[in-house]
Every structure is written in structure tokens, then in C-alpha cells.
Amino acid sequence: MQRNFTLGLVSGLLVTLMSISSSSYAQNATDDIAKYREMIADGNPSELYEAAGEVLWQQPAGPKNASLEKCDLGLGPGVVKGAAAQLPRYFKDTNQVQDLESRLMTCMQKLQGRDPQEMIDAPFQKGPKKDMEAIVAYVVTLSKGDKIKVSTNHPKEKEMYELGKRAFFFQGGPMDFSCASCHGEDGKRIRLQDLPNITTQKGAALGWGYWPAYRVSSGQFWTMQQRLNDCYRQQRFPFPIYGSDLTVAISMYMAKNANGGIVETPGLKR
Amino acid sequence: MTMKNMKSLLALSIFAVAAFVIQGSVSAQQANNPKFNKMMKDGFRADGIAGLDRIDQDATQKFCSDPVFAGSKQGEKMREQIQKVNMNSIKQPSDGKYIGDWKKGEAIAQSGRGATWTDKADTPIGGGCYNCHQIDKKEISYGTIGPTLWNYGKLRGYSPEVITYTWNRVNNSKAYNACSNMPRFAHFKLLNEQQLQDVMALLLDPDSPVNQ
Amino acid sequence: MADPMRVRAAENGGIVDVKILMKHDMESGQRKDAAGKVIPAWFISNINVKANGKDVLNGQFGPAVSKDPFLNFKYKGAKGDKIVVSWVDSKGDKRSDEATAS
Amino acid sequence: MNQQRRSLLKYSAVFGLMASAGLISVAQAQEWNKAAFEGKSLDDVFKILGAGSPDKSGAVTLNAPDIAENGAVVPVGITTTLKAEQLAILVEKNPSALAAQFFIPAGTEPFVTTRIKMGQTSNVYALVKADGKWSMAVKEVKVTLGGCGG
């Protein structure tokens with residue numbers, strides 16, 4: 001055991017030396033990826049979803065045959081501009097902290113008479129979720145360029161942040177992963193993808209500020225809920241329930257950490 | 001995937017932790033929070049092979065979920081205890097063979113698949129090694145969460161000590177670093193003995209491209 | 001009916017820069033569904049762009065063009081040009097959208 | 001911009017209707033070249049396009065990344081100083097080499113950018129037909145495995 005330990009130390013040292021010498025290779029590939037991203041930055045297919053979402057926002061739907069135009073996203077009924085930059089937040093009418101998607105479910109229920117459970121149970125990219133995704137694209141585009149400004153002044157917001165922080169570090173599953181396994185240190189990559197350190201303001205802004213996004217690899221627009229869902233899938237966790245407090249808490253932790261950063265949504269991601 | 005193995009280690013570790021508590025030598029980890037527990041319990045549902053037992057933490061996971069305590073002076077004894085428990089769970093190869101086929105090892109290192117709710121119980125689980133490590137330099141798409149493993153054997157040599165250390169490390173990295181980011185491949189049966197031997201070969205076969 | 005396109009056209013120095021995003025799955029014919037059955041190819045095959053009624057580009061796509069296709073080209077034109085983009089896909093679905101060069 | 005989009009949407013709806021009613025025919029100056037798109041290899045496609053074995057030319061520029069973060073979307077642009085009448089994008093290692101081709105009427109710049117799918121690292125070819133003669137540019141694009149690979 002003692003010998004193993006010493007050996008571990010020695011190899012650790014060697015490894016440190018080597019990673020210094022090999023960082024130039026990594027740099028080249030990272031630069032090339034940056035160039036690639038620049039080339040596709042113009043012409044984000046999110047625009048196609050955004051246009052569809054605007055129509056869905058204005059169009060009467062659901063058992064009550066009403067539009068979402070009176071939906072209160074935190075800045076008052078019908079105010080969409082800038083609303084996403086301040087979510088999640090506490091809502092008095094539901095006595096809950098809600099993220100954009102859980103809040104939209106509330107509006108769909110109250111204004112349109114739609115059953116939130118149908119939304120929760122629907123698979124991503126299909127049925128009612130397809131509408132949700134387009135509406136989200138529309139709403140977040142209207143905060144593009146705004147400063148992320150999330151409050152933890154309300155005790156429930158503060159509590160949600162603390163719960164989210166704890167969930168962020170919660171390890172489980174057969175690979176012992178937590179969110180922090182990949183997003184807790186500066187300057188790390190998984191394969192060629194940079195991993196923002198979400199425990200810092202800068203890293204959180206790079207993560208939170210660019211989602212929802214159009215995902216090039218799947219050719220789909222992903223909401224934050226879907227992004228989180230796939231993180232947990234890759235963490236080998238069970239399936240996080242759409243709009244659950246857990247997902248809102250994690251979002252609260254990321255969003256609050258990102259405060260002061262710029263909303264760049266919808267992003268364009270690998 | 002069953003969590004049987006996890007459960008036995010959990011039992012073992014609870015015993016270890018209990019022993020410490022009785023001795024009174026460990027200051028508390030983050031407090032149990034019923035609200036948090038409920039949020040986690042209500043936040044997930046089982047899907048396919050990903051059951052809710054996956055959020056039942058064993059002692060290692062619980063300890064490492066509190067990085068402030070885990071990295072503290074007060075956490076030191078528990079850290080050593082957890083490393084010991086993990087070290088004791090490592091089995092040396094039943095056939096005495098440490099080095100398999102590096103070509104198969106490379107394929108295992110490349111694959112990051114398996115064990116998610118979209119996988120089946122019989123989906124082969126990859127090692128996902130390139131997600132975090134540079135290994136063969138020809139693969140430019142590698143992660144940097146772990147150290148580079150290029151020239152692993154060439155730099156360290158092929159002595160029995162190096163081989164045993166590496167075997168232990170790929171089996172259960174937490175034997176050396178309680179909160180290493182590396183999965184416990186043998187403990188959770190992510191890779192079988194044969195696959196572990198193949199990954200070993202990628203690192204420690206002098207003919208492996210890693211050592212050229 | 002197929003979803004609308006996004007067409008942007010900006011004139012600068014007598015050249016109109018046209019950028020088009022089309023909503024289409026562009027199924028490659030190489031993918032398999034969950035049951036292992038090949039998903040048949042389905043893609044935009046022809047695209048035509050007119051400015052004030054006159055052809056400014058004709059394109060033909062194969063299934064290797066990316067999902068939600070993007071196309072950028074330039075022609076000699078002026079502000080106010082009426083641009084009509086039309087596509088037809090391998091199943092005969094069609095879509096036309098219009099924009100004005102700004 | 002919002003207002004603009006709204007009117008664009010209105011227009012779109014009208015035109016969509018007109019198109020489905022057959023009031024606007026999608027101009028097909030050239031019928032879709034089935035044989036060329038079904039050609040497997042580069043040579044197959046060269047032959048069908050009547051390109052023979054095109055020469056590499058400094059007058060043809062292929063704008064593509066060295067590394068594509070994802071093979072599903074690889075930006076590719078062609079531009080040339082030649083008086084091009086036809087442009088084509090080919091990927092050597094795709095199941096069918098021809099990805100797209102364009103016909104350039106007089107008054108349109110010999111420039112086009114689109115995005116293509118690549119199954120693996122491969123040479124990408126930009127072909128230009130000018131004055132009845134074909135020339136080309138070639139570039140290797142590396143397609144990387146990304147993310148967690150799961």
C-alpha cells in the first residue's frame with residue numbers, strides 16, 4: 001500500500017509534466033473547433049422554431065381555446081421581453097419557484113385548460129413537448145442580449161438555490177457521477193468539448209447563458225429541461241421528471257451563479 | 001444493471017462509518033436534510049435499466065457529495081477509511097494475467113456507451129477512457145478531466161509494481177483517491193476481468209501504440 | 001404542409017446577400033429506427049430562388065445535405081428586390097416563401 | 001424585426017397555399033440528376049457530370065473547417081474567380097459522393113455556402129464548371145467523436 005502510494009505520487013508528477021508538454025496539441029484542436037463554430041454561427045436553425053413559437057403563443061388552443069398572450073412570466077401578464085433572463089423565480093400565485101418550462105405549464109393549465117401531466121409525460125420533441133419547445137425558443141429569443149438577473153431574495157428562492165447546490169454535488173449511479181464531476185473545475189474538456197465550471201460565475205454564464213440551443217448533433221432545438229435530462233442520462237442516473245423541483249433547483253443554482261452574464265439564447269451547440 | 005455490489009459495499013462502509021462515529025473522531029458531514037431527500041426522491045423516476053436504486057448512495061458517494069468536508073482536515077480519516085474499503089474490494093485477476101489485447105482495449109477506451117436508461121441490460125458498456133484522458137496520440141478527440149496516458153508504460157516501465165498499481169487503479173480508482181472522478185469499473189461491474197486486461201494492455205503492452 | 005423558411009436578403013454595393021434556412025428533416029436513408037429498420041431517405045431535392053421573377057439560383061440537394069438546410073449565395077441586385085424561394089422534396093412536398101431585399 | 005417577421009409569416013402562409021394549390025410551380029430548370037446523386041464513388045459522379053478528371057485549380061476556393069465538431073453539420077463553401085455556371089460539392093467517403101450542386105445564372109456570384117453531413121473523416125471536393133471545363137479544390141475535413149460518446 002505504501003509502495004503503491006509512492007508510485008502513485010511519482011506517476012502523478014510525471015503526468016503533470018506530460019500534460020504541460022501535450023497542451024499545445026490540445027490547443028490546436030480547440031482552435032479548430034472554435035473556427036468550426038464560427039463558420040456555423042450565422043444561420044442558427046433555432047430561428048425556425050422561434051417563428052413557430054411566436055405563432056403558438058398567439059394562437060388560441062386547449063379546452064379553453066385561449067392564447068398564452070396573458071401568461072405572466074414574472075414581469076407581468078403578457079410581458080415576454082426580458083422575462084427569461086430573470087428565471088427561475090418565485091411566483092406568488094403558485095407559491096413556487098418555477099423555471100421557464102414549469103411556468104409555461106402553469107400558464108397552459110390556467111389560461112388554456114391544458115393538463116400539465118400530459119406535458120410532463122410526453123417524450124421530448126413529440127406531441128405537446130414539440131409545442132413547448134417552439135414556445136421556449138420564442139420566449140428566450142426575446143431575452144437575447146439581456147443580463148442574467150436572477151434573485152434569491154425571497155426565502156423560497158434562497159432555499160431552492162441551496163437545494164440546487166446540494167443536488168449539483170450529489171453523486172450516484174454506477175459511475176459515481178455528479179454534475180460537479182464534469183462541471184466543477186476550470187479548463188477541462190470531455191473529448192473536444194470544453195466543460196464550463198458551473199461553480200464559477202464565468203462558467204455558469206457560459207453554460208446557462210447559451211441554453212436553450214439548437215443541437216447540431218441531433219438537429220433538434222433543446223430546452224434547458226432537455227439539456228438537464230440528457231446530462232442525467234449520461235450521468236447514468238434515473239430519469240429526472242420534467243419540471244420537477246429537482247430540475248428547477250439545479251437551474252436556480254446555475255442561473256444565480258451566472259448572474260451578470262449575458263443571455264445568448266438560443267445557442268448553437270454541438 | 002443490478003446494484004448488488006454497491007449494496008454490499010454500502011453495508012461495509014456503513015459499518016466503517018459507524019465505527020468512526022462511535023470513536024467520536026469525525027466531525028459531521030453535511031446535515032441530513034429531509035427536504036433535499038424528498039426533492040431527490042420525487043425528482044426521478046425509474047426508466048429501463050436505470051432504477052431508482054441508482055440514487056441510493058453508498059458511503060463513498062455520500063462522502064464525495066460533500067466536497068468541502070471531503071477535502072477538509074476533519075474529513076481525512078474518513079477519506080483514508082473509504083480508500084481502504086475500496087482497496088480491499090479489488091480482486092487481482094483470477095488467471096494471474098494482467099495484460100490482454102491492446103486492440104480490444106482501444107475499442108473499450110473509445111466507447112462511452114452503456115448503462116444509461118436508453119441502453120439495454122446487454123448493451124456492452126464502454127470504458128469511456130478518451131472522454132477524460134489522452135491515450136493514443138492518433139486520437140485527437142480526447143478529454144482532459146484525467147491526466148494524459150500517452151506513453152504510459154514507456155515512461156513508467158513495465159515492472160510488477162507498475163502493473164499492480166495500474167490494475168488497481170483501473171479496477172477501483174477510489175482506492176488511491178477517495179473522490180477520484182474515475183468510475184469504479186470493477187466494483188460496479190462496468191467492465192469485466194477480460195475487458196480490464198484489454199485496457200491494461202493498451203497502457204502497458206510494449207507493442208501498444210500508446211508506448212511507441 | 002411544410003413549415004415556413006427563414007429568408008434574409010441584404011443589399012450592399014449592388015450585391016444582394018441571401019441567407020435561407022429551410023425546415024426539413026433531410027432523412028439520409030442511412031439511419032435505422034429503434035426496431036433496426038432503415039428509415040427511408042426523404043430530402044429536399046430542388047431549390048429555386050427568383051428575384052423579381054427571374055432565376056438567381058437553382059440548386060439540387062442529395063440526402064447528404066444537413067437537417068434544416070442552410071444556404072447562402074449572392075447576386076447582383078437592389079434593395080426592394082422581391083425574392084421568392086421555393087423547394088420541392090423527394091416526396092413531392094413543396095414550400096415557397098418570400099422576402100424583400102433590405 | 002418582429003414586425004418584419006410577422007409580415008413575412010403572413011406572406012409565407014399565402015405563398016404556401018399558392019404553392020400547394022399549384023399556382024406557383026417550383027422551377028426545375030434542371031431536373032434532379034438522379035444518376036449523379038446515386039453515384040457511389042467520386043469517379044462515378046465525375047463521369048455522370050461529364051467532368052472527366054478535373055484539374056486542381058487555384059482559382060477554386062473550398063471553404064471548410066479542418067475539424068468538424070460534428071459530422072451532422074459541416075459548413076462547406078465554394079467560391080471561384082472563374083465564370084462558373086455550375087458548382088458541386090462532393091464527399092469522397094460518403095455512401096454517395098455528391099452532396100449538392102448549384103446552377104449559377106448570369107448575374108449571380110460564383111459563391112455558395114451550405115452545410116452537409118459527413119459519416120467520417122474524408123476529403124471534400126469543390127467542383128466548378130466554367131466555359132464547359134471542370135476544375136476543383138480539395139480539402140480534408142476531420143470528423144471528430146464528441147461529447148460523452150453515449
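Is B:W117 buried or exposed? Select it to start the tour: B:W117 is buried, with a relative accessible area of 8%. Keep in mind as you go that this is a predicted model.

**Stop 1: a ring pair between two chains**

Leave B:W117 on screen and add A:F239. Together they form a tilted aromatic pair, with 4.8 Å from centre to centre and 55° between the planes. A:F239 belongs to strand β7 (residues 239-240) of chain A, while B:W117 sits in the loop between α6 and α7 (129-132) of chain B, so this pair joins two chains. Like its partner, A:F239 is buried, and its relative accessible area is 14%.

**Stop 2: further rings**

Across all chains, a search of the whole structure finds 22 aromatic pairs. For another of them, select A:F168 and A:F169: this pair is edge-to-face, with 5.4 Å centre to centre and 75° between the planes. A:F168 is buried at a relative accessible area of 1%, and A:F169 also counts as buried, at 17%.

Next, show A:F170, A:Y232, A:F237, B:F36 and B:F44 as sticks. Ring pairs link these residues into a cluster.

**Stop 3: chain B as a whole**

Now hide the other chains and look at chain B. How many helices and strands does its secondary structure have? There are 10 helices and 1 strand, and along the sequence they follow the pattern α-α-β-α-α-α-α-α-α-α-α. Chain B has 212 residues, 53% of which count as buried. Its accessible surface comes to about 9,600 Å², with 57% of that belonging to carbon and sulfur atoms. Among contacts in chain B with a separation of 6 or more, 65% are between residues 24 or more positions apart.

**Stop 4: two helices of chain B**

Select residues 193-204 of chain B, which make up helix α10. At 1.5 Å a residue, its 12 residues should span 16 Å, and the end C-alpha atoms are indeed 16 Å apart. Of those 12 residues, 10 are buried, so α10(B) is largely enclosed by the rest of the structure. Colour some of the buried ones, including B:L196, B:V199, B:M200 and B:L203. To see what covers them, bring in α6 (102-110), α8 (152-156) and α9 (160-171) of chain B, which are among the covering elements. Then zoom in on the N-terminal end of α10(B), where B:N192 acts as a cap: one of its side-chain oxygens lies 3.2 Å from the backbone nitrogen of B:Q194.

Move on to residues 76-88, helix α5 of chain B. Its 13 residues should span 18 Å at 1.5 Å a residue, which agrees with the 18 Å between its end C-alpha atoms. The buried residues here are B:M78, B:I82, B:Q83, B:V85, B:N86 and B:M87.

**Stop 5: a two-sided helix in chain D**

Finish in chain D with helix α3, residues 42-49. Which of its residues are buried? They are D:L42, D:V45, D:F46 and D:L49. These cover an arc of only 100° around the axis, which puts them on the same side of α3(D). Turn the view to the face away from that buried side, and you will find the exposed residues D:D43 and D:K47.

Turn back and show α2 (34-38), β5 (84-91), β6 (98-103), β8 (122-130) and β9 (133-143) of chain D: the buried residues of α3(D) pack against these elements. For a last selection, choose D:G50, just after α3(D), which takes a positive phi of about 75°.

Methods. Residues are numbered from 1 along each chain as its sequence is written. Chains are lettered from A and ligands numbered from 1 in the order in which they are written. This is a predicted model: local features need pLDDT of at least 70, side-chain atom pairs count only at pLDDT 80 or more; totals for chains, interfaces and linings use all residues. Side-chain values use heavy atoms; hydrogens and water are left out. Helices (H or I, at least four residues) and strands (E, at least two) are DSSP runs, numbered from the N terminus. The expected span of a helix is 1.5 Å times one less than its number of residues. Buried means under 20% relative accessible area, exposed over 50%, partly exposed in between (1.4 Å probe, protein chains only). Contact means heavy atoms within 4.5 Å. A polar contact is a pair of N or O atoms within 3.5 Å; within protein, one must be able to donate a hydrogen and the other to accept it, and residues adjacent in sequence count only if both atoms are side-chain atoms. Accessible areas come from the Shrake-Rupley method with a 1.4 Å probe; for residues, only the protein chains shown count as cover. The arc is that of the directions from the helix axis to the C-beta atoms. Rings of Phe, Tyr and Trp (its six-membered ring) pair if their centres lie within 6.5 Å; planes under 30 degrees apart count as stacked, over 60 as edge-to-face and the rest as tilted.
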